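Work through the exercises below with the coordinates open. Each task is followed by a solution in steps.

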Amino acid sequence: MLSKNIIALTYDNDYIKFLQEIIKHEVLLDPARGITKMVIAGRINQLSEKQARVYKRYVYDRFKQQCDNCGVFIPWCDMFNAVASGNLCEKCFNNS
Ligand SMILES: [Zn+2]
């Protein structure tokens, strides 16, 4: 089962908007993509054990609100840009 933290995060509108962006821009491959669509639709509690494991590993664990280079905190509203920039904050991306 997914932890309370993972489920609670899906009540964050900015996180859901971020998930919608990564779906729209085809960042994820199936089955993670289809499972993330279920999460966006508010169906996280309906995921099977296997789907929950895929979601945790390929979505929840993959996207952290952090720059891979300097470690600065990145809010969800800026995370799509960071992912598109190779998990870098704007400052590190501009300096790379
Ligand atoms: Zn950075």
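The exercises concern a predicted model and go from backbone geometry to helix packing and domain contact.

**Exercise 1. Backbone of the loop between H2 and H3**

Task: Find which two residues the cis peptide bond joins, and state whether Glu26 is buried or exposed.

Solution:
- Step 1. Check omega: the peptide bond between Asp30 and Pro31 is cis, with omega about 5°.
- Step 2. Place the proline: Pro31 belongs to the loop that runs between helix H2 (13–24) and helix H3 (32–40).
- Step 3. Check phi at Glu26, which is in the loop between H2 and H3: the value is positive, near 55°, and the residue is not glycine.
- Step 4. Count neighbours: 8 other C-beta atoms lie within 10 Å of Glu26, and the cut-off for exposed is 12 or fewer, so Glu26 is exposed.

**Exercise 2. The loop between H5 and H6**

Task: Determine the sign of phi for Gly86 and for Asn87, then classify the exposure of Ser85 and Asn87.

Solution:
- Step 1. Locate the loop: Asn87 sits between helix H5 (76–84) and helix H6 (90–95), and Ser85 is also in the loop between H5 and H6.
- Step 2. Read phi: Gly86, which follows H5, has a positive phi near 85°. Asn87, a residue other than glycine, has a positive phi near 60°.
- Step 3. Classify exposure: Ser85 has 16 other C-beta atoms within 10 Å and Asn87 has 18, counts that lie between the limits of 12 and 20, so both are partly exposed.
- Step 4. Take a distance: from Ser85 to Asn5 the C-alpha separation is 27 Å, over 80 residues in sequence.

**Exercise 3. The buried side of H5**

Task: List the buried residues of H5 and find which helix they pack against.

Solution:
- Step 1. Select by burial: Met79, Phe80 and Ala82 are the buried residues of H5.
- Step 2. Examine their directions: these residues cover an arc of only 165° around the axis, and therefore lie on the same side of H5.
- Step 3. Identify the partner: the buried residues of H5 pack against H2.

**Exercise 4. Two domains**

Task: Give the distance between the domain centres and the make-up of the domain 1 side of the contact.

Solution:
- Step 1. Take the bounds from the domain assignment: domain 1 (1–63) and domain 2 (65–96).
- Step 2. Compare centres: the C-alpha centres of domain 1 and domain 2 are 20 Å apart.
- Step 3. Count contact residues: domain 1 contributes eight residues and domain 2 contributes six residues.
- Step 4. Sort by class: on the side of domain 1 that touches domain 2, five residues are nonpolar, three are charged and no residue is polar.

Notes. Residues numbered from 1 in each chain as written. Predicted model: local features only at pLDDT ≥ 70, side-chain atom pairs only at ≥ 80, totals over all residues. Helix = DSSP H or I, 4+ residues; strand = E, 2+ residues; numbered from the N terminus. Domains from an automatic or database assignment. Contact = placed C-beta atoms within 7 Å. Nonpolar A, V, L, I, M, F, W, Y, C, P; charged D, E, K, R; others polar. Arc of directions from axis to C-beta.
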